[in-house]
Amino acid sequence: MSGAGKVVAVTGASGYIASWIVKLLLQRGYTVKASVREPNESRKTAHLTSLDGAKERLQLFKANLLEEGSFESCLEGCEGVFHTASPFYHDIKDPQAELLDPAIKGTLNVLNSVAKFPSIKRVVLTSSIAAVAYNGKPRTPDVVVDETWFSDPNLCKESQLWYVLSKTLAEDAAWKFVHEKGIDMVTINPAMVIGPLLQPTLNTSAAAILNLINGAQAYNNLSLGWVNVKDVANAHIQAFEIPSANGRYCLVERVAHYAEVVKMLRELYPSLELPEKCADEKPLVPIYQVSKEKAKSLGIEYIPLETSLKETVESLKEKKFVSF
C-alpha cells in the first residue's frame, strides 16, 4: 500500500478520469480529499462513496472552479494534488464562459491555493494532447509528436477550436505560475480517453463511441490518439509517486482514424449496425505517431485499443446507455 498514511486531493472528483484516479488511490491506501460541485447530491457521488476504502479514507468537499479560495479546505493537509477539474464538451454557445474561464481561472485558483500549503509536494495536472499537437506542423505517418510540441493559441482561435484553446491556455498559465512560485508540477496529456465508466453520466469521449454503435450514419474524417482511462489514471499516480517524474507526459496507445475504430468495432460486434461511410468525401485524414518514450518512464504498459473499445461498449451496455 504505497499510499498508506498519505493524504492527497483530487479536484473534479466525480468526472470520468478523476473517478478512476480516486479508485486507484484508495486501492493504494491513500486518504483522498475529493472536491465536487455538489457533495450532497448522492446521485452524482454514489459511485465514489461506494468504492472500496471510501468509507474509511474518502472525504468529499464542495468547491467551484471559479470561486477563489473554494479549494482550500480540500487542499489543507495534503501532500499531493491531482487537478483534473476542467470542462470538456463540444456543443458550445459561449466559449469564454463555458470553457476558457473554468479551465484557465479554475487552474490558477487551485494553484493559488496550492501555493498557501507548504505540505503539498507535487501537483499533477490533467492537461490534454490538445495542448500539444495543434501547432500547424503537418501530422503525417512519419511525424512523431512529442512532449516538446505546444499547441498554438492563435491557430486554435482562427480554427475556433475552443476546447483545444482552453487546454492550451490553461496548461501554459499553469507552467508560468508554478515556475514563478517554485511549485513542483507534472502534467499528463492524454489523447481521446475511453474505457469503462465509473460515473453514472455520459462523458464526451465515451459518447463518441456510443454515437458510432447507436445508429450513426457516418463516421468523422478524423484521426485521433486513443488511450484507456485506467492507464491515464495510473499515469497520474505514477507521476506523483516517482520522484524523478517531471514536465509533461503524452499518453497515446495508438493513433487511429475513425474508419479503423469502426472496423475494430465491427470485428468485436458483428451484429451491430455501424456507419458504413465517412462524413465527407475528402481523402481520409492521415494518422501520425505520438512518442511513447517518456510515458514508459512512468511504467505505463498500454492497454490495446481493441480492449479499450470492448470495455467502453460493455460499460455503456451495463450503464444502460445502449442495449443490444
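**From a buried strand to a small sheet**

Thr11 stands opposite His83 in strand 4, and this pair is a convenient place to enter what is a predicted model. Thr11 belongs to strand 1, which covers residues 7-11 and pairs with strand 4 in the parallel sense over four bridges. On its other pairing, strand 4 is joined to strand 5 by four bridges, and these two strands likewise run parallel; here Gly80 has Arg122 of strand 5 as its bridge partner. Strands of a sheet pair through backbone hydrogen bonds, in either the parallel or the antiparallel sense.

Strand 4, residues 80-83, is covered on both faces, with Gly80 and Phe82 buried on one side and Val81 and His83 buried on the other. A residue is called buried here when its relative accessible area is under 20%.

His83 also leads to the next feature, since it is one of the residues that line the largest cavity, together with Ser86, Thr107, Leu125, Thr126, Ser127, Lys167, Ala170 and Glu171. The structure holds one cavity of 30 Å³ or more, and the volume of the largest is about 50 Å³. Strand 5 (122-126) and helix 7 (162-181) each supply at least two residues of this lining, and helix 7 gives the most, with three residues. Sorted by class, the lining consists of two nonpolar, five polar and two charged residues.

Further along the chain, the reader meets another sheet, an open one of three strands in the order 8-10-12, with mixed pairing. Strand 8 (192-194) and strand 12 (254-257) stand at its edges, and because each has a single partner strand, one side of each is left without a neighbour in the sheet. From one strand to the next, the twist averages 45 degrees. Strand 10, residues 223-228, pairs with strand 12 in the antiparallel sense over four bridges, and within this pairing Gly225 stands opposite Val255 of strand 12.

Two helices accompany this three-stranded sheet. Helix 8, residues 204-213, packs on the sheet and touches strand 8 and strand 10, its direction making about 75 degrees with that of strand 8. Helix 10, residues 258-268, lies across strand 8, strand 10 and strand 12, and runs at about 90 degrees to strand 12.

How values were computed:
Residues are numbered from 1 along each chain as its sequence is written. This is a predicted model: local features need pLDDT of at least 70, side-chain atom pairs count only at pLDDT 80 or more; totals for chains, interfaces and linings use all residues. Side-chain values use heavy atoms; hydrogens and water are left out. Two strands pair if DSSP finds at least two bridges between them. Axes are lines fitted to C-alpha atoms, for helices over the stretch in contact, and angles run from 0 to 180 degrees between N-to-C directions. Contact means heavy atoms within 4.5 Å. On a 1 Å grid over the protein atoms alone, a cavity is a set of points where a 1.4 Å probe fits but cannot get out, and a pocket is an open set with protein on both sides within 12 Å along at least five of seven lines; lining residues have an atom within 4 Å of a point. Grid points are joined across faces, edges and corners, and a volume is the space filled by probe spheres set on the points. Ala, Val, Leu, Ile, Met, Phe, Trp, Tyr, Cys and Pro count as nonpolar, Asp, Glu, Lys and Arg as charged, and the others, Gly among them, as polar. Buried means under 20% relative accessible area, exposed over 50%, partly exposed in between (1.4 Å probe, protein chains only).
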